[in-house]
Amino acid sequence: MKALVYSNPKEFSIQEVDIPKCGENQVIIKVKVCGICKTDVHIHNGKFISKFPLTPGHEFTGVVEEVGSKVTSFKKGDRVVADNTVLCGECYYCRRNQPLYCENFHSLGVTGPGGFAEYVLVNQDKVFKIKDHLSFDEAAFTEPTACAIHGMDMIDIQNGDNVLMFGAGPTGIILAQLLRYGGAGNLVVAAPSKFKLDILEDLGIAQTVQIDRNDESIHEKKIKSMFPKGFDVIIDATGAASVTEACFKYAKMGSKIVVYGVCDESDRIQISPYEIFSKEYKIIGSFAQTHCFDRAINALETGLVKVNNLISHRFSLDDYAKGLETVISGKQSIKVLINP
């Protein structure tokens, strides 16, 4: 089969590799669509928790090609998505029912073979059927939607909360929809790209503020004028440490500051511990997801989360390099899909 293979960070090629062998409790999926996200850029650069050599791609969907001898819930031709997380079930955290903290955390497309290939091998317990009315393009958003649902669990929105979010990438726009329909009283989204903010305006779920990259005082003044007391929840969905640090400017007593975007491991921010202490801030991290796929599929199939207007580019697997560059440049791109 054809697959994208990274030998090392930034070193990749399209290769012919063996189709994986199906174990008795496994399923081989013929990949129809796999999305590129900003995490894939971190992986490209050898960051995050990536391990090489690697076939990346963790936002994949397709049809069942083969099932193992003990698999009874799936058959060839079933339309499916797959949760890319693989958990040991035996470590300290798994035994405490905290599987996302698994000490042997494995992720298809991050630490093991993923969906930028014609076929991908998945344990049957992580495979989910999707209904016929959900297109493969839409289904490719299941993983980022699952991550947003986990984010909602961590944030624990209270009805009527005023929420400020920085960032309007695909996962940010998905999270914004969940925030609005999950109890946020007011939602303000700030980002530099007007065409992304326009999507939120069209959905009617948020007030938007365009960030001025050259003079942050302009958008800071506007945001503070909208909610002078500050916000109950401030979210960084950009993955830029400078934005994470700036979130505290918009906090009020008891605010939750949420680190949702993926910063580099080497990044650092400065914040007064006395301010955290005296204002009782709650600093919340939201890392990936596990066991959120069922709810994510439901959100997509019912239309609670709308994603069709997030697709900006499609490329073949042979043109992966163009797709990656499109994501990195960010010019008029939102979600880039690969069709293996």
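Hi everyone. Let me begin with a definition: two strands count as paired if DSSP finds at least two bridges between them. Keep that in mind as we go through this model, which is a predicted one.

So, first stop, strands β4 and β5. They run antiparallel and are joined by 3 bridges, so they pass that cut-off of at least two. Within this pairing, T61 has V81 of β5 as its bridge partner.

Let's stay with T61 for a moment. It sits in strand β4, which covers residues 59-67. Is T61 buried or exposed? It is buried, with a relative accessible area of 1%, and the cut-off for buried is under 20%. Its side chain reaches the backbone oxygen of V80 at 2.8 Å. Leaving aside residues up to four places away in sequence, T61 touches K30, V31, K32, V33, V80, V81, I130, F136, A139 and A140.

Now over to β5 itself, residues 79-82. In a regular strand the side chains alternate between the two faces of the sheet. Here R79 and V81 point one way, while V80 and A82 point the other way, and all are buried. On top of its pairing with β4, β5 also pairs with β9, residues 127-129, in the antiparallel sense over 3 bridges. There, A82 stands opposite V127.

A82 brings us to the empty space. Rolling a probe the size of a water molecule over the atoms shows where empty space is left. How many cavities of 30 Å³ or more does the structure hold? The count is 1, and the largest cavity has about 30 Å³ of space. Its lining is H58, E59, F60, A82, A139, A140, T142, E143 and F293. Both β4 and α3 supply at least two residues each to that lining. You may recognise A139 and A140, which T61 touches.

Last stop, helix α4, residues 170-181. At 1.5 Å a residue, its 12 residues should span 16 Å, and the end C-alpha atoms are 17 Å apart, which agrees. Why call this helix largely enclosed by the rest of the structure? Because 9 of its 12 residues are buried. Those are P170, G172, I173, I174, L175, A176, Q177, L178 and L179. They pack against α3, β10, β11, α5, β13 and β17, and α3 is the helix that also helps line the cavity. Just after α4, G183 takes a positive phi of about 125°.

That's my tour, thanks for listening!

How values were computed:
Residues numbered from 1 in each chain as written. Predicted model: local features only at pLDDT ≥ 70, side-chain atom pairs only at ≥ 80, totals over all residues. Heavy atoms only, no water. Helix = DSSP H or I, 4+ residues; strand = E, 2+ residues; numbered from the N terminus. Buried < 20%, exposed > 50% of the residue type's maximum accessible area, 1.4 Å probe, protein only. Polar contact = N/O pair within 3.5 Å; in protein donor to acceptor, adjacent residues only side chain to side chain. Contact = heavy atoms within 4.5 Å. Expected span 1.5 Å × (residues − 1). 1 Å grid on protein atoms, 1.4 Å probe; cavity = no way out; pocket = protein on both sides within 12 Å on 5 of 7 lines; lining within 4 Å. Points joined across faces, edges and corners; volume = space filled by probe spheres on them.
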